[in-house]
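Biologist: I would like to learn how to read a protein model step by step. Could we take one feature at a time, with the general idea before the case?

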Amino acid sequence: MSVPMANTSVPALSVDSLAMKPSERKKIEGRTLQIQHMAPDDVSLPPVPLPLMQQQRFVSVQTYGPGEGLDKRMAPKQTPTPRPCVLDGFKLLDRCQVEFPDEARTCDVSGMNATGVVEEDLSYFVKLKRLDCSRNSLPLHPFSVLPALEELRLPCNGLVNLQPLQGLFPGLLSLDLSYNGLTVGAVEQLATLPNLRELDLTCNSLKQLPAPDSMAQFRSLEKLSLERNLMEDSSSVLLSCAACPKLIELQLGYNYLTEFVPDAVAENRFPNLNTLSLAFNYIATEEALMPVAYLMKLELLVLYGNPLLGPSCEDPTGETIEQLAMKALDLREEAWTNRPLDILTEVPRKRDPPPPKAPPGEGKASQTAARRSKYRGVSLASVEDELLPPAAEFRAAGNRALIDPNTYGIEAGKAAQEQAISHGFWASLAQPDSDDGSVQDPARGEGGEG
């Protein structure tokens, strides 16, 4: 053990010198020591080696700095970000796991950190229908060279503005542009896609939509998702969405809407709307939703997460929307339609059915087996083989019961006989005579003549 001293030439103190009296320790070998009071952090001591077993067990702790070993050891491992690359034909072949470009049908290039596309290579993939480019930095327009593309996913690509898309993507049916930063002008460009049916614009920080005249260009759009945006103006948003002539499903959850304006159902707007989600908005009164009752084709209305359902924003009983439900029922009866309307006022949760109860009088073993059973309302019984007749006897008994006059009457037996003959399987049946009980061929008449 060494003690820091002012004079570096003074020898280190030994254990024997530390046992001396203070007066005797002042002079060692004719030199005077100067005692300094130092903090423990100022003393640099050599590291004490850990035992071999601890070195092997906590080797990951020693590789980090002080106080960081336990936290970093418990933290989940983060996947390193791949280097930026360009999406070319070789990478597509590798991800599609095919040998030739015309063999590719579906491709997933998500998470490659691709920043560009070689359009010339994409033109060789003439049969590629579905492409997933999530978590990259790719633009939209280069993929228009894929002639058979029907589904394209580009979430988390940092898209803000789009180039003109007029005349591009003639066969595209589904487009996912969620978790980007698209502007209103970019949505107007998407309206020029001729055959687009499904469009996902979730989480794009959109505060409004293009004018109804621009939204009317979505002539084939059937499903539109606008969840998790910043929409506040209920009137303009609903009127713009109502301009889509073939819209069937509309998702407006997690926004800032406060009502469903009456103008949204006037002049036969939303003629084909089947599903409407207004979950987790700021609708506070039932009167603000009354115009929804005039949507005659609506079958599913999602309302949970709104203040009108109570403090928890849920109402399992449905009392808070009772007037809305009755209004919708009355209007549908007047319109002579029996189309049902389901209103969700509670967040769907997965609930397992309760275990079946064991019959009374049985022990704990039977109750435990009943709780572990995966089947409901099913009991097992053992049947002896001799009690089960073969299929031939079943058919013969059924045929006899079908044409037996004692069972169904004479008239019913004749009608069953005629029906059996018309179906062509009379050869296996025998008809008892109604007078003398003799058996005759059913192909012959009542007189027995052929």
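**Reading a helix, a core and a network**

Modeller: Let us begin with one helix of this predicted model: in helix H6 (residues 89–96), the buried residues are Gly89, Leu92, Leu93 and Cys96.

Biologist: Why do the buried residues of H6 lie on the same side of the helix?

Modeller: The general idea is that an α-helix has 3.6 residues a turn, so residues three or four places apart point the same way. In H6, the buried residues cover an arc of only 100° around the axis, and therefore they sit on the same side of the helix.

Biologist: Which exposed residues does the face of H6 turned away from its buried side carry?

Modeller: That face carries Phe90 and Asp94, both of them exposed. The buried residues of H6, in turn, are covered by elements that include strand E3 (85–87), strand E4 (106–108), helix H7 (119–122) and E6. Just after H6, the chain reaches Gln97, which takes a positive phi of about 60°.

Biologist: Strand E4 is part of that cover, so let me ask about a residue there: is Cys107 buried or exposed?

Modeller: Cys107, whose place is in strand E4, has a relative accessible area of 3%, and because buried means under 20%, Cys107 counts as buried. Leaving aside residues up to four places away in sequence, Cys107 touches Leu92, Arg95, Cys96, Leu128, Arg130, Leu131 and Asp132. Leu92 and Cys96 are among the buried residues of H6, so this list of contacts can be read together with the cover of the helix, to which E4 belongs. As for distance, the C-alpha atoms of Cys107 and Asp94 are separated by 9.4 Å, with the two residues 13 apart along the chain.

Biologist: How should I look for a core, and how many residues does the largest nonpolar core have here?

Modeller: In soluble globular proteins, nonpolar side chains tend to be buried together. Here the largest nonpolar core has 83 residues, and those with the most contacts inside it are Leu131, Phe143, Leu152, Leu175, Leu190, Phe260 and Phe270. The elements that give two or more residues to this core are E3, H6, strand E5 (114–117), helix H8 (184–190), helix H10 (234–242), strand E13 (300–302) and helix H11 (322–334). The largest share, four residues, comes from H10. To follow one member, take Leu175, which touches Leu140, Leu152, Leu190, Leu193, Leu196, Glu198, Leu199 and Asp200 when residues up to four places away in sequence are not counted.

Biologist: Turning to charged side chains, how many salt bridges does a search of the whole structure find?

Modeller: The search finds seven. In one of them, Arg153 meets Asp132, with N and O 3.1 Å apart; this pair links distant parts of the chain, since Arg153 is in strand E7 (residues 151–153) and Asp132 in strand E6 (residues 130–132), 21 residues apart. Arg153 also forms a salt bridge with Asp176, where the closest N and O atoms are again given as 3.1 Å apart. Because Arg153 lies in strand E7 and Asp176 in strand E8 (residues 174–176), this second pair ties together parts that are 23 residues apart in sequence. Through salt bridges that share partners, Asp132, Arg153 and Asp176 are joined into one network.

Biologist: Which members of the network are buried, and what is Arg153?

Modeller: Asp132 counts as buried at 17% relative accessibility, and Asp176 is buried with a relative accessible area of 10%, whereas Arg153, at 28%, is partly exposed. A further salt bridge joins Asp88 and Lys91, the closest N and O atoms being 4.0 Å apart; in that pair Asp88 counts as buried at 18% and Lys91 as partly exposed at 28%.

Biologist: Finally, which residues make a nonpolar patch on the surface?

Modeller: Leu230, Tyr256 and Tyr282 make a nonpolar surface patch of about 280 Å². Tyr256 is found in the loop between strand E11 (249–251) and strand E12 (275–277), and with a relative accessible area of 36% it is partly exposed. For the chain overall, the exposed area is about 29,100 Å², of which carbon and sulfur atoms supply 53%, while 31% of the 450 residues count as buried.

Key: Residues are numbered from 1 along each chain as its sequence is written. This is a predicted model: local features need pLDDT of at least 70, side-chain atom pairs count only at pLDDT 80 or more; totals for chains, interfaces and linings use all residues. Side-chain values use heavy atoms; hydrogens and water are left out. Patches are made of residues with over 30% relative accessible area and no salt bridge: like charges are joined within 9 Å, nonpolar side chains (Val, Leu, Ile, Met, Phe, Trp, Tyr) within 5 Å. Accessible areas come from the Shrake-Rupley method with a 1.4 Å probe; for residues, only the protein chains shown count as cover. Buried means under 20% relative accessible area, exposed over 50%, partly exposed in between (1.4 Å probe, protein chains only). The arc is that of the directions from the helix axis to the C-beta atoms. Contact means heavy atoms within 4.5 Å. A nonpolar core is a set of buried Ala, Val, Leu, Ile, Met, Phe, Trp, Tyr and Cys residues joined through side-chain atoms within 4.5 Å.
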